Amino acid sequence: MTNEQKRNFLLYSAGRLVSLIGTGVQMIALPLYILDLTGSGTLMGTFSLLSMLPGLIFSPIAGVLGDRRNRKKIMVNLDYLRGIIILFMAYSAYQGWMNIAFIFTAQVFISILDSFFGGSTEAMFPDLVPIDFLTKANSVNSSINSVSRIIGPILGGIIYGFGGIKVVFLINGISFVISAISEMFITYVPHFEGKQKISFKSMFSDIKEGVIFIKGRKGLKELLLFVMIVNFLLAPILTIVLPYVLRQEIGFTSEQYGITQSSFTVGILIGSILIGTIFSKNNPKKSVTLGLTVEAIMLFIISGLFFPNIVTKFGGASWTFLIILYINLMVIGVSNAFINIPIDTNLQRMTPTNVRSRVFTVVGLIAQGAVPVGAQIYGILLDLIRGYQITLFASIVSVIVIILFLKIAPEETFNPKPVNEEA
C-alpha cells in the first residue's frame, strides 16, 4: 500500500469507528426506550420494520447515485445530515416533545439516508486499497467495526440507564459530525469524468444493469436466496425476540442487556482477526461451511437456554445466565465472520467499479428485504406466544435450510471467477 492509500484507509476506518459507536449506543437504547414506554412486542417489530424497509425501498436509487455521483461527497454530506437530524431528536427529547410517532417518523428518514450512505461507501471502499490487500482490508475493517459495536451496546445500556434517551441522541448526533470531518480528508478520485446525467429512464436502465449482472451468475443467485431465507428467520431473533425475552420475560437490566448485545460483535471481531491472520489463505468454501455448521449447532443451544425451566435453573436474570448466553452469542458471531468476510471479498472482486454500487444495493435489497417482514411478524407473535417457542421453531427451520444449501450450492457460490476472467 502507498502512503496515500494507508492514510485513506485510516481516515475511512476512523470515521466508521466513531459513527458506529454512536449508532450502537442509539440502536440499543431506542428499543429499550420503546419497550419501557409501551411494553409492546408489536411496536418493537414496527420500529425494526421502519429501521430497514424505507432504506431497502430506496436502495436501488441509492445504488444508481453511488455509481453516477462522487461517492466521497455523498458519504460526507449524509453523515452531516444524519448528525443534524439526531441532534434535533436530542433537543426534542430535552424539550419533552418525544413520543412514539415522532421516533417512528424520524427513523423513516434516517433509514432512507442510511441506504444512500451505504450505497456509496461500500462501493468506494474497494477503490481505496490495492486488490491484493482486499481480504486483509475487509478483515481489518470488520475488526474495527466490531470494536465499535462492542463498545456501543455496552455504553448504550449504561448511558440509557443513567442519562436517558436525550443523552443517547446527543452522543450519536455528535459521532456523525466527527465522522464527517474525518471523511473530508480522504483523497478520492471518482471512477468517471465530469458529472453523470441522471433521468428516470437512465435510472431504471442502471438498476436493470445491476439485476442483469446478478442474474448472469448462478452461484450468486443461489447465495442470495439462501441469505434471504436465513435472514428472515434469524435476524429478528437478535433484534426483536432477544431484547423482549431478556427484558420482559427474564428481567435483565438495561446495563445487562447492553452487555449481551456486545457478545455477537466480540465474536465477529475474533472471527475477523482469525480470517485476516491464520485463515487468510483458507478456501472460502471451507470457511463458509465451517461457519454455517457451528452457527447451526449454537442456534439450538441458544433456543434451549430460553426455556423457562432452564432460565429458572440458572437463577433468572443472574450474571451466571448472562455469561453463558454471552459465550454462546459470541461463538455465533465468530461463525458469522467466517461466513460473511469470504463472501463479501468475493463479491467485491467479481464486480467492476462502474456498476458496483448498483450491484451491491440490489444484493442488499434481496438479502435484507425479508428482514423487516420477519421483524414485524415476530413482534406480533411475541404478544401471543412465548419467546422460547419462536426461537426453537426458527432454529429448526434454519438448520434445515443450511443443510440444503450446503448440499445444492454450486462451486461458483464460494469461488466465483474474477470479472476479468469471464467472457
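Begin the tour by selecting Asp114, which is partly exposed, with a relative accessible area of 31% (buried means under 20% relative accessible area, exposed over 50% and partly exposed in between, with a 1.4 Å probe and protein chains only). This is a predicted model, in which local features need pLDDT of at least 70 and side-chain atom pairs count only at pLDDT 80 or more, while totals for chains, interfaces and linings use all residues. Residues are numbered from 1 along each chain as its sequence is written, and side-chain values use heavy atoms, with hydrogens and water left out.

**Stop 1: the salt bridges around Arg82**

Keep Asp114 selected and add Arg82, because these two residues form a salt bridge whose closest N and O atoms are 2.6 Å apart (a salt bridge is a side-chain nitrogen of Lys or Arg within 4 Å of a carboxyl oxygen of Asp or Glu). Arg82 belongs to helix 3 and Asp114 to helix 4 (residues 100-128), so the pair ties together parts that are 32 residues apart in sequence; helices are DSSP runs of H or I with at least four residues, numbered from the N terminus. Arg82 is buried, with a relative accessible area of 5%.

Now add Asp79, which also forms a salt bridge with Arg82, again with 2.6 Å between the closest N and O atoms. Asp79 and Arg82 are separated by about one helical turn, because they stand 3 residues apart in helix 3 (residues 71-95), and both of these residues are buried. With Asp79, Arg82 and Asp114 shown together, you are looking at a network of linked salt bridges.

**Stop 2: Glu249 and Arg386**

The structure holds 3 salt bridges, and another of them to select is formed by the side chains of Glu249 and Arg386, at 3.7 Å from N to O. This pair links distant parts of the chain, since Glu249 lies in helix 8 and Arg386 in the loop between helix 14 (371-382) and helix 15, 137 residues apart. Glu249 is partly exposed at 26% relative accessible area, and Arg386 is partly exposed at 39%.

**Stop 3: the nonpolar core**

Next, select Ile165, Phe169, Leu325 and Tyr378, which have the most contacts inside the largest nonpolar core, a set of 87 residues. Such a core consists of buried Ala, Val, Leu, Ile, Met, Phe, Trp, Tyr and Cys residues joined through side-chain atoms within 4.5 Å. Helix 8 (residues 218-250) supplies the largest share of this core, 15 residues, and the core draws at least three residues from each of domain 1 (3-185) and domain 2 (209-413), with bounds that come from an automatic or database domain assignment.

**Stop 4: Leu49 and Ile377**

Which helix holds Leu49? Leu49 sits in helix 2 (residues 41-68) and is buried, with a relative accessible area of 18%. Adding Ile377 shows a pair that is 328 residues apart in sequence but 9.9 Å apart in space, C-alpha to C-alpha.

**Stop 5: a patch on the surface**

Finally, select Phe300, Ile396, Ile400 and Leu404, which form a nonpolar surface patch with about 350 Å² of accessible area together. Patch residues have over 30% relative accessible area and no salt bridge, with like charges joined within 9 Å and nonpolar side chains (Val, Leu, Ile, Met, Phe, Trp, Tyr) within 5 Å; areas come from the Shrake-Rupley method with a 1.4 Å probe. Helix 15 (residues 387-408) gives the most to this patch, with 3 residues. Ile400 lies in helix 15 and counts as partly exposed, at 47% relative accessibility.

Notes. Helices (H or I, at least four residues) and strands (E, at least two) are DSSP runs, numbered from the N terminus.
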